[in-house]
Amino acid sequence: MTTSTFTPRVFSGIQPSGGLTLGNYLGAIKRFVKMQDEGMPTVYCMVDLHAVTVWQDPTDLLRNTRELAAGFIASGISPEKSILINQSQVPEHAQLGWIFSCVARMGWMQRMTQFKDKAGKNTQNVSLGLFGYPALMAADILIYHATHVPVGDDQKQHLELTRDIAAKFNHDYGVNFFPLTEPVIEGAATRVMSLRDGSKKMSKSDPSDASRINMTDDADTIAKKIRKAKTDPDALPSEVDGLAERPEARNLVNIFAALNDQTVEQVLSEVGGQQFGTFKPLLAELAVSKLSPISTEMARLMSEPDEIDRILGRGAAQAREITVPILEKTYEIMGMVR
Ligand code: AQP
């Protein structure tokens, strides 16, 4: 079965496990806005149940969830056009997550590279939830019968697992009930890298604040972080091939292209031959001009937390009009008394 038998619907989420980064913005949120504005039905989620797979201070979690919601709205997600929710207010996510924990196989989960990266050498001491995370992520998507999921490159393997879970459920029960979801991984910034190390993903939980641009950073901080970003001594090339062995240079050019809605080729045709001493101030100016209006609006929205909570409460009620019938049908297919 393909997604074509299902009504198109977009779902994606972000963990409120810290402040939003430029990686989240370019790899995810900017593309969420585009898909919303193209007119597809869209559901966007603060995945708080995923965040608690590692310890979250309750005060921080509350603030980070509201700040993430503010970041979505300030970036252009409209609560009138998209359903905006925090995951724990829509209990069907976790309920279907349990079912999918019974569908997914241990061997599939053990291959997940994000678990290996996050657990490191500490596999015996991390939470069971961190290991099971991809089954809940599959449920987040499939509880809406979502057909398209815009994500960064790091989520590709989890999306493949989501398809495997849907296919196994459909096969085991002889139904065509869950769609085989399409990952939407597009653009110049599907993997924004750390400003300190071009081999590591920019991440909100990186201990080094200098490794990332936070959406709440002020203009001076953004400019300073870009000025100090690791680079090499050579000038920028005029052709994309010239970036092949230069991860830090490639990262800064990718960021420029994504912020300016250009291709990497277009950027290099304009900046090829420039030294970083010239290019970095241009990038800083561009980043500040794009991010400052968002951070200003985020601060304004954060001054009205009740309004954010109201939007998320309304979003949960809208979401449950979709998720309750899908969960009920799932249970019915499985032979549970209703
Ligand atoms: N560096 C990145 N480049 C492009 N896309 C990125 N995303 C995250 N980092 C980058 C995309 O943002 C969405 C939400 O990610 P998440 O917060 O749910 O989890 P994550 O991928 O684990 O992000 P972080 O920042 O690394 O969080 P922590 O540090 O808490 O683990 C996804 O679509 C992701 O691809």
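## Largest cavity

Two helices, α6 (113–119) and α7 (128–142), each contribute at least two residues to the lining of the largest cavity. The model is a predicted one. Of these helices, α7 supplies the largest share of that lining, with four residues. The residues around the cavity are M112, Q114, F115, K118, L130, F131, Y133, P134 and H158. Six of them are classed as nonpolar, two as polar and one as charged. The enclosed volume is about 60 Å³.

## Second largest cavity

Over the whole structure, two cavities of 30 Å³ or more are found. The second largest holds about 30 Å³ of space. Its lining is formed by G18, L20, N64, E67, L68 and M298. Helix α3 (residues 58–75) gives the most to this lining, with three residues. By class, the lining of the second largest cavity consists of three nonpolar, two polar and one charged residues.

## Largest pocket

The largest pocket contains about 1,200 Å³ of space. It is lined by 50 residues, and those nearest its centre are Q114, K118, D154, Q155 and K201. Q114 and K118 also belong to the lining of the largest cavity.

Several secondary-structure elements each supply at least two residues to the lining of the largest pocket: the strands β1 (10–14) and β4 (148–150), and the helices α1 (22–37), α6, α7 and α8 (156–173). The class count for this lining is 18 nonpolar, 21 polar and eleven charged residues.

## Second largest pocket

The second largest pocket has a volume of about 380 Å³. Its lining comprises 18 residues, of which G97, S101, G132, Y133 and A135 are the closest to the pocket centre. Two or more lining residues come from each of α2 (48–51), α4 (92–103), α5 (106–110) and α7.

Helix α7 accounts for the largest share of the lining of the second largest pocket, with seven residues. The lining divides into eleven nonpolar residues, six polar residues and one charged residue. Y133 is also among the residues that line the largest cavity.

## Nonpolar cores

In soluble globular proteins, nonpolar side chains tend to be buried together. The largest nonpolar core in this model has 61 residues, and the members that touch the most other members are L22, L26, F72, L84, L259 and F279. Helix α12 (residues 276–302) gives the most to this core, with twelve residues. The core lies between domain 1 (3–190 + 304–334) and domain 2 (209–299), because both domains give residues to it.

L26 illustrates the surroundings of one such member. Apart from neighbours within four places in sequence, L26 is in contact with R31, A189, V192, I255, A258 and L259. L259 is itself listed with L26 among the members of the largest core that touch the most others. A second core, separate from the largest, has 45 residues, including I143, Y144, L180 and L327.

## Helix α7 across the sites

Which element gives the largest share of the lining of the largest cavity? Helix α7 does, with four residues. In the second largest pocket the largest share again comes from α7, with seven residues. This helix is also one of the elements that supply at least two residues to the lining of the largest pocket.

Note on methods
Residues numbered from 1 in each chain as written. Predicted model: local features only at pLDDT ≥ 70, side-chain atom pairs only at ≥ 80, totals over all residues. Heavy atoms only, no water. 1 Å grid on protein atoms, 1.4 Å probe; cavity = no way out; pocket = protein on both sides within 12 Å on 5 of 7 lines; lining within 4 Å. Points joined across faces, edges and corners; volume = space filled by probe spheres on them. Nonpolar A, V, L, I, M, F, W, Y, C, P; charged D, E, K, R; others polar. Core = buried A, V, L, I, M, F, W, Y, C linked by side-chain atoms within 4.5 Å. Buried < 20%, exposed > 50% of the residue type's maximum accessible area, 1.4 Å probe, protein only. Domains from an automatic or database assignment. Contact = heavy atoms within 4.5 Å.
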